[in-house]
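Here's a walk through one structure, taken piece by piece. Keep the 3D view open and follow along.

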Amino acid sequence: MDFGSFLAAPEIKLKIVTYRDIFQDKAMIENRFGEEYRDRSAVIKLDPADFKQLNIKKGDTVALKNSFGRIVVKAEESGYETPHRGLAYMPNSPWSNMLVSDETGGKGVPRFKDISAIVTSAKGEKVTELRF
Amino acid sequence: MEKNYYVCTGCGLLCDDIEVESEKNIVNKVYTACRVGVAHMKEAKGEANFRVDNKPVDEATAIREAASILKNAKNPLIFGLGTSTDETQKLAIELARKTSATLDDTSSFCLGPLVEALIQDKVKTCTLDDVRNKADVIIFWGADPSDSHPRHLSKYSYFPRGSEKQRGWEEERTAIAIDIRKSHTAKICGNYFFQIPPEGDTEFIDALIAALSGKLPKTSYNYPPKKILELANILKGAKFGVIFAGLGLIYSLENLEPVFRLMKALNEKANFHLIPMVGHYNMRGFNENLFAETGYVNSVKFENGMVKHGPEYSVVESLKAKTVDAALIIGSDPLSSLPRSVSKNLLEIPVISMDPCETLTSKHAKVYINTAISGVESGGSATRMDGTKVNFKPVIETAHLSDEAILKKIMEAL
């Protein structure tokens, strides 16, 4: 068990990998400012062990934070059979992009699929709105 | 009865077997298309609108303002064009030349290098029709077409009974997924799903190359050598193999050398092709059109009749370094699709957004021009993800001008 578990509000260091989702894509085409697109984008899929450590339930909101931003999204179980503690998945969206580093090594390619962030429970907080 | 088929411009597959029922220029029903395609073709819109500083204006004012922004900029950025026709892209290249602009599309941060390798004949490729008719071993590497290109498996890569594959997926095709997670496509591949750790692709490629020549495959993450040897055996037996390379693979590589090594090794033992999983319907067209004009597929800067090229002229580096002083964004929403840490710099320069729909970028643009939906409300030509040229006509008539017509007007106003 890592140090984060002993804090009053447990936190876990996450590596977040983004992916495409057909239902989310369809919702974006219909209305990128709509509820369905937000519900299908502002989510993070965690390992059940991470749920336990964060002391949260499916559908609770969590905060994801790094030096590039902080977003509040809903936590969901990934459903993957292979355990993946500390590795989480998010559909690629403006929400995940709020956490993507601007460090590119001058190559012009951001690390969209390799995001480091700290996750904590954000029970009661609303999901981050899509705006600038 | 002769059927009237349309092309869906919802993704890089450009499915050409779509039937539509429409009335009074509203699409009511879409047949054959996937979930994304139906949404795309039914994307309904109101009246054409033009805005300057978020206030409604007439067409002429919007065009005049857009031209004035481009005229006054020393180094405007022209970006987007992945969902524009060839005709629009060629005009945009001309406009970039005329305005000494930096020109780029999304391929600079996704599959551009791979498309460039195909244009330069560095990798063996084939068409999707070849895949449907001949392919016996199909690899989805860092790609999940079930979500990104929903009809890929049913129309081309796995389920069809192609002319030389009448016994279909049950007997004659092996689909393999190599990915870091069990995607929907990986589920279809069943026991042929090879799960590797994030960034583990280069090592897996080299282990696979070792296995192809009968050596013991080793990885630092201790992937079972027996499984890699089994995979190598399947690949060695391929009469017509194809790798569909997705962003999961490309983002985990430092450069494309491992892909070139693997293709060489595979073609020493078998017959393998590679097709990039291009997302936007005409990203490959942009790469081809720019290459024909300049010898580069993206990230260029026009200056005094010369063309400069390099990552410093990519959309990401240009915005990061703040080297561009205005932006014309065509059919793209960088405020949503780029890292906010980079795209926020767009808020400091005048932006012209040409888009069929309202986006974060259009909401923050100095000039917004609502364009026709390419492929639904306007026609043209494009390049499918496999390099095949596709022509399409509009499904319905519209009051909205196409991005091609708008660009012509801007160029006249310059």
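What follows goes from the chain contact to the domains, then to the sheets and a helix pair.

## Where the two chains meet

First, a caveat: this is a predicted model. In it, chain A puts 32 residues in contact with 36 residues of chain B.

Which parts of chain A do the touching? Strand E1 (11-19), helix H1 (22-30) and helix H4 (94-97) of chain A each bring at least two residues to the side facing chain B. H1(A) gives the most, with 5 residues. Sorted by class, that side of chain A is a mix of 14 nonpolar, 7 polar and 11 charged residues.

## Two domains in chain B

Now over to chain B. The domain assignment splits chain B into domain 1 (46-110 + 281-413) and domain 2 (112-276). Take the centres over C-alpha atoms, and 34 Å separate domain 1 of chain B from domain 2 of chain B.

The two domains do touch: 13 residues of domain 1 of chain B are in contact with 11 residues of domain 2 of chain B. On the domain 1 side of that contact you'll find 4 nonpolar, 6 polar and 3 charged residues.

## The nine-stranded sheet

Chain B has an open sheet of 9 strands, and its pairing is mixed. Reading across, the order is E4-E3-E16-E15-E14-E5-E6-E12-E13. Strand E4 (55-57) and strand E13 (306-309) of chain B sit at the edges with a single partner strand each, so one side of each has no neighbour in the sheet. From one strand to the next, the twist averages 20°.

For a closer look, pick strand E14 (residues 326-330) and strand E15 (residues 351-355) of chain B. They pair in the parallel sense over 4 bridges. One spot to click on is Ala327(B), which stands opposite Val351(B) in E15(B).

## The five-stranded sheet

Chain B also has an open sheet of 5 strands, with parallel pairing and the order E9-E8-E7-E10-E11. Its edge strands are E9 (193-195) and E11 (272-276) of chain B, and each pairs on one side only. Here the twist averages 15° from one strand to the next.

Strand E7 (residues 137-141) and strand E10 (residues 241-245) of chain B run in the parallel sense, paired over 5 bridges. Along that pairing, Ile139(B) stands opposite Ile243(B) in E10(B). Helix H13(B) packs on this sheet, where it touches E10 and E11 of chain B. The direction of H13(B) makes about 150° with that of E11(B).

## H13 and its helix partner

H13(B) has a helix to meet as well. How do H10 and H13 of chain B cross? The axes of helix H10 (residues 201-212) and helix H13 (residues 257-269) of chain B come within 10 Å and cross at roughly 20°. Since angles under 35 degrees count as roughly parallel, that makes H10(B) roughly parallel to H13(B). The crossing of H10(B) and H13(B) is left-handed.

So who's actually in the contact? From H10(B) come Thr202(B), Ile205(B), Asp206(B), Leu208(B), Ile209(B) and Leu212(B). They meet Pro258(B), Arg261(B), Leu262(B), Ala265(B), Leu266(B) and Lys269(B) of H13(B). By class, the contact of H10(B) with H13(B) has 8 nonpolar, 1 polar and 3 charged residues.

Conventions:
Residues numbered from 1 in each chain as written. Chains lettered and ligands numbered in written order. Predicted model: local features only at pLDDT ≥ 70, side-chain atom pairs only at ≥ 80, totals over all residues. Axes fitted to C-alpha atoms, helices over the stretch in contact; angles between N-to-C directions. Parallel < 35°, antiparallel > 145°, perpendicular 65-115°, else oblique. Left-handed = near helix turned anticlockwise from the far one by under 90°. Contact = placed C-beta atoms within 7 Å. Nonpolar A, V, L, I, M, F, W, Y, C, P; charged D, E, K, R; others polar. Pairing = 2+ DSSP bridges. Domains from an automatic or database assignment.
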